[in-house]
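I opened this notebook to keep track of what I looked up, one entry at a time. I wanted to begin with burial and charge pairs, and then turn to a single helix.

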Amino acid sequence: MTDAHRAVDAVWKLEAAKIIGGLTRMVHDVGLAEELAQDALVAALEQWPESGVPANPGAWLMAIAKRRAIDHIRRAKLAQSKQAQGKQADLVGEDDEPPQDDDVLRLMFITCDPILPAGDRAALTLRLLGGLSPAEIARALLTSEQNITQRIAKAKRTLAAKPRTKAAEIPAVLEVTYLIFNEGYSATSGDDLMRPGLCLEALRLGRMLTTLAPREAEVHGLVALMEIQASRQAARTGPRGEPIPLPEQDRGRWDPLLIRRGFTAMLRARDIGGTPGPYVLQAAIAVCHAQAKSAQDTEWVQICNLYTALVRLVPTPVVQLNRAVAFGKAYGPEAGLAMVDRLLDDPTLRDYHFLPSVRGDLLEQLGRCFDARLEYERAASLTKNAAERAFLLRRAESIVLEVVGPTLGEATVEFLSRTDLDAATLRSYGQTLHRLCRTLGEQLPIASLNSDQVVRFFVTVWGKAAPKTWNRHRSAIRTFGAWAGLSGLDAGLERRTEPPARARNLQPARLDMVWRLDAGIRERTLWRLLHESGAAVTTVLSLNVEDIEFSQRRARAGRTWVTWRSATAKLLPELLAGRTRGPVFLAERKSVPARMPSAADLCPETGRGRLSYPRAEYLFKQATRPLDPSGDGYTLKQLKPGNRARSGASPR
């Protein structure tokens, strides 16, 4: 990379938000504004290596981008000559332009519009205000560049289609900024506990926002919170990257400069006055930790009071869980455990690893070591972050127990190894029992499993599920209990009344809309095959590549045949991509060791398992939701033709 190219890259990161913000004000389309800004960037890459970097590179880029915008406006006006005397002079006038800071603030409000999903808001904000490339955002969020590109493009389309009304408010902008910071501070997945680059980007956005909205106390509160939390980064991990809990951190490694900056931001928030908001209260909690010279000096009672005030404003389960931790520190582990136990039935926290982690810590303090170890193991099974998982497993292994009899995990493995059940039934039972293991812990002695635990588990996990789903999992538990000799394990689980089956087949007009959906090759092939064959979904998903007779347009499925016609015949070769063995329809990714499918459901060439019926049904429902007048989405069974030959018919 030449010096000119490095200069372009640096200037773009600094000036992108101002340029795109100014262009958005002119053309009223954030996607078009970025395209015009990119045109200016390309011009810089072409001209600066030869002419040199201008004295004011940001102004140079803005001038080029504005020329592109003016050309676009003129072309649009020529195409719409009936509106010839529009507002071009107002849009491009130089003398009465608002300050560039106003453009950046306006752009922030646009990218953080609540109409977008939170993840898309974060990606779009990093792209347009942070100046990060899709590849950089993908690395930061641990996903693919294609995924980020698609999400950003979808977000732009959504914003372009939205009527021009007031965009996001300050709270929405703060939410996105803190979301970016939190993903860097406590990575939800991956090998590392932290991704400092995201923290720095969130801090930069927050500091920028304080200059754009200097009279907003919550803005300064968020910056104070992020500065103080970021000050602990060097002390949060050990030599091997393992997490170090806050009470055990070496406070001498906390960054004093960031702490001072946090204190300064907090003072500004207090000077503005008004009722403290959520970020000011969280910043006040962070200040309490930063002021304590040691963990023993922490003013836990004051922190409890602040959390109580925070719960009144933000009564979310996560905030209540953090409050329980503070109460455990201030008033003893029994008080904290009582508050945590009241959150066990909350569906929001059912897969949140911090809940069993906190509960394990409190149980260990109370001497209930067996229960504590189970909670640590459960927490480790829930987290997607490798560093946290290793840390939790070490805590679990530090508690030495003598387990009598088989555990829930061992019983589950033995039960699912049965040969008297078909593959589909075992997959269904496996979904129920693996979820049970994740919730209650694989090391739970099977003899101690009781109906009260099962009822709580069902209400938390499937309390709002459809009756058919509830009954399916209930049947699995009843069968498992009978096999394990635990009579009455399903007591308290009443069978739910299922509504009549929805058997309407899709009409030709609806089918044409389905065929035109922008779907992947796997989905398009599956949908066509289901329609052309008339076979059951489970039958089609059970097909294997080696059982296909391409010339006859058929495949053996057990004792019968599944046949298809020309549309499927065209799609199958592209789907299989040269594969000669394994399931026809594969899952999106390779199976993890803990959930490795049977050999019959595993592709030996790719290592991926067979696509499951629930997953295929979910994807079809999501894809067809916009087509369904009820908004629910269609089911795969509705693809069946009303009068076409079913599986078993002679091939054509």
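Before the first entry I wrote down the scale I would use: a residue is buried under 20% relative accessible area, exposed over 50%, and partly exposed in between. I also noted that this is a predicted model.

Entry one, a pair between helices. I looked up Arg 395 and found a relative accessible area of 24%, so I entered it as partly exposed. Its salt-bridge partner is Glu 364, and the closest N and O atoms of the two are 3.3 Å apart. I noted that this pair links distant parts of the chain, since Glu 364 belongs to helix H17 (residues 354-365) and Arg 395 to helix H19 (residues 386-397), 31 residues apart. Glu 364 has 28% relative accessibility and therefore also went down as partly exposed.

Entry two, further charge pairs. I searched the whole structure and the count came to 20 salt bridges. One that I followed joins the side chains of Glu 375 and Arg 378 at 3.8 Å, N to O. Both residues sit in helix H18 (residues 369-382), 3 residues apart, which is about one turn of the helix, and I recorded both as buried. I then looked at Arg 554, which forms a salt bridge with Glu 549 with 2.8 Å between the closest N and O atoms. With 17% relative accessibility Arg 554 counts as buried, whereas Glu 549, at 28%, counts as partly exposed. I added that salt bridges with shared partners join Asp 341, Arg 359, Glu 375 and Arg 378 into one network.

Entry three, helix H12. I found that H12 covers residues 256-272, and that its 17 residues reach 25 Å from first C-alpha to last, close to the 24 Å expected. Which of its residues are buried? I listed Leu 258, Ile 259, Gly 262, Ala 265, Met 266, Ala 269 and Ile 272. Looking down the axis of H12, I saw that the buried residues fall within an arc of 140 degrees, so they line one face of the helix. They pack against helix H10 (196-212), helix H11 (217-230) and helix H13 (278-291), while Arg 260, Arg 270 and Asp 271 are exposed on the other side of H12.

Entry four, the two ends of H12. At the N-terminal end I found Asp 255 as the cap, with a side-chain oxygen 2.9 Å from the backbone nitrogen of Leu 257. Just after H12, I noted that Gly 273 takes a positive phi of about 80 degrees.

Key:
Residues numbered from 1 in each chain as written. Predicted model: local features only at pLDDT ≥ 70, side-chain atom pairs only at ≥ 80, totals over all residues. Heavy atoms only, no water. Expected span 1.5 Å × (residues − 1). Buried < 20%, exposed > 50% of the residue type's maximum accessible area, 1.4 Å probe, protein only. Arc of directions from axis to C-beta. Contact = heavy atoms within 4.5 Å. Polar contact = N/O pair within 3.5 Å; in protein donor to acceptor, adjacent residues only side chain to side chain. Salt bridge = Lys/Arg side-chain N within 4 Å of Asp/Glu carboxyl O.
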